[in-house]
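This report describes the fold of one protein chain, moving from single residues to sheets, helices and the core. Please keep the sequence and the structure in view while reading.

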Amino acid sequence: MGCGYGATMLQLLEVLPWSTITGVNLNSEQLAIAEQKVTASQHSQRAQLQLANFQAIPFQDESYDAAYALESACYGEGETKSKFISEAARLLRPGGKLVVIDGFKKHSQPLPGWMDRIHRRCLTAWDMTSLANIDGFAAALKLQGFTEIEVKDISWNILPTLIYVPVVVVKLLSAQLVRKEESRRQYLQALLLTLLLSPFKKHFGYFVVTCTKSNVEKKN
Ligand SMILES: C[S@@+](CC[C@H](N)C(=O)[O-])C[C@H]1O[C@@H](n2cnc3c(N)ncnc32)[C@H](O)[C@@H]1O
């Protein structure tokens, strides 16, 4: 759900040779590149790509065994990403698994003024409207009939990526200045603001959330 350029999808096709995977993305340009990558791979028979909003995917109810969203659920609407969650719940068979890996706020308290301003700029730079807080997200999963909800803070695991950010920034700037490549100002801003906020572990974290769609029918 939000497959980007298909990188994770291709890795999963490689390590799960029995699987068939459908990647869903709202961005047609990214999807076209994903399509090229998948076609060039040896896994094209097991892969499908679909242009769609992951909050309204044109597939039948209960047609998937598992779903994942890597750094994409954050783009869902609302504070708890409830439309994203309900769409995952609709598509999964009972007993199906959902895995979400993403940045979250750690609480719903107001942030200090200066941090809130940086946070808002950061969201704008990433084209996001809000970052869910992890407890609210887990509660929304429960409400939509997910069980066995496991939340793991893996913030320290992404430290090497954060250390790499300045290298990426220098590379992008030199490409712009030396090779006169197109300016990627907004992306640079997003990277630097994320780096700036990342030490504030009391407020922000990077999590992996796994859960199972209940076998018991949800009562309305
Ligand atoms: C940071 S990328 C995720 C990378 C990707 N998961 C991967 O494994 O490489 C976020 C992706 O979510 C997609 N996206 C954002 N909102 C979406 C939506 N409502 N429906 C479908 N895709 C969406 C964006 O187009 C982008 O490709």
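In this predicted model, G145 is found in the loop that links helix 5 (134–143) to strand 5 (146–153). G145 is buried, because 20 other C-beta atoms lie within 10 Å, and 20 or more is the requirement for that class. Its C-alpha atom is separated by 9.0 Å from that of S86, although the two residues are 59 residues apart along the chain.

**The sheet of four strands**

Strand 5 belongs to an open sheet of four strands, arranged in the order 3-4-6-5 with mixed pairing. Strand 3 (64–70) and strand 5 each have a single partner strand, so one side of each lacks a neighbour in the sheet. From one strand to the next, the twist averages 10°. Six bridges connect strand 3 with strand 4 (residues 92–105), and the sense of this pairing is parallel. Within it, A67 stands opposite L98 of strand 4.

Two helices are associated with these strands. Helix 3 (residues 82–91) lies across strand 3, strand 4, strand 5 and strand 6 (204–213), and it runs at about 155° to strand 4. Helix 5 also packs on the sheet, where it touches strand 4, strand 5 and strand 6. The direction of helix 5 makes about 165° with that of strand 5.

**The nonpolar core**

In soluble globular proteins, nonpolar side chains tend to be buried together. Here the largest nonpolar core has 37 residues, and M1, A67, A88, L92, L98 and F137 have the most contacts inside it. Helix 3 supplies the largest share of this core, five residues.

Which residues does L92 touch, not counting those up to four places away in sequence? They are E62, Y64, A67, L98 and K213. Y64, a residue of strand 3, is buried because it has 21 C-beta neighbours inside 10 Å. Leaving aside neighbours within four places in sequence, Y64 is in contact with L91, L92, R93 and G96. The C-alpha atoms of Y64 and T20 are separated by 9.9 Å, and these residues are 44 residues apart along the chain.

**Strand 1, strand 2 and the ligand**

Strand 1 (21–25) is mostly covered, with four of its five residues buried. It runs parallel to strand 2 (residues 47–51), to which five bridges join it. In this pair, G23 stands opposite L49 of strand 2.

The ligand has 18 residues around it, of which G2, G4, T8, S72 and Y75 come nearest. Helix 1 (7–15) and strand 1 are the elements that give two or more residues to this shell. By class, the shell contains eight nonpolar, nine polar and one charged residues.

**Two residues with positive phi**

Most residues other than glycine have a negative phi. K81 has a positive phi of about 60° although it is not a glycine, and E148 likewise has a positive value, near 50°. K81 lies in the loop between strand 3 and helix 3, whereas E148 lies in strand 5. Are these residues buried or exposed? The table gives the class of each, with its number of neighbours.

| Residue | Phi | C-beta neighbours inside 10 Å | Class |
|---|---|---|---|
| K81 | about 60° | 26 | buried |
| E148 | near 50° | 10 | exposed |

Methods:
Residues numbered from 1 in each chain as written. Predicted model: local features only at pLDDT ≥ 70, side-chain atom pairs only at ≥ 80, totals over all residues. Buried ≥ 20, exposed ≤ 12 C-beta atoms within 10 Å, placed from the backbone. Near = placed C-beta within 6 Å. Nonpolar A, V, L, I, M, F, W, Y, C, P; charged D, E, K, R; others polar. Pairing = 2+ DSSP bridges. Axes fitted to C-alpha atoms, helices over the stretch in contact; angles between N-to-C directions. Contact = placed C-beta atoms within 7 Å. Core = buried A, V, L, I, M, F, W, Y, C linked by C-beta atoms within 7 Å.
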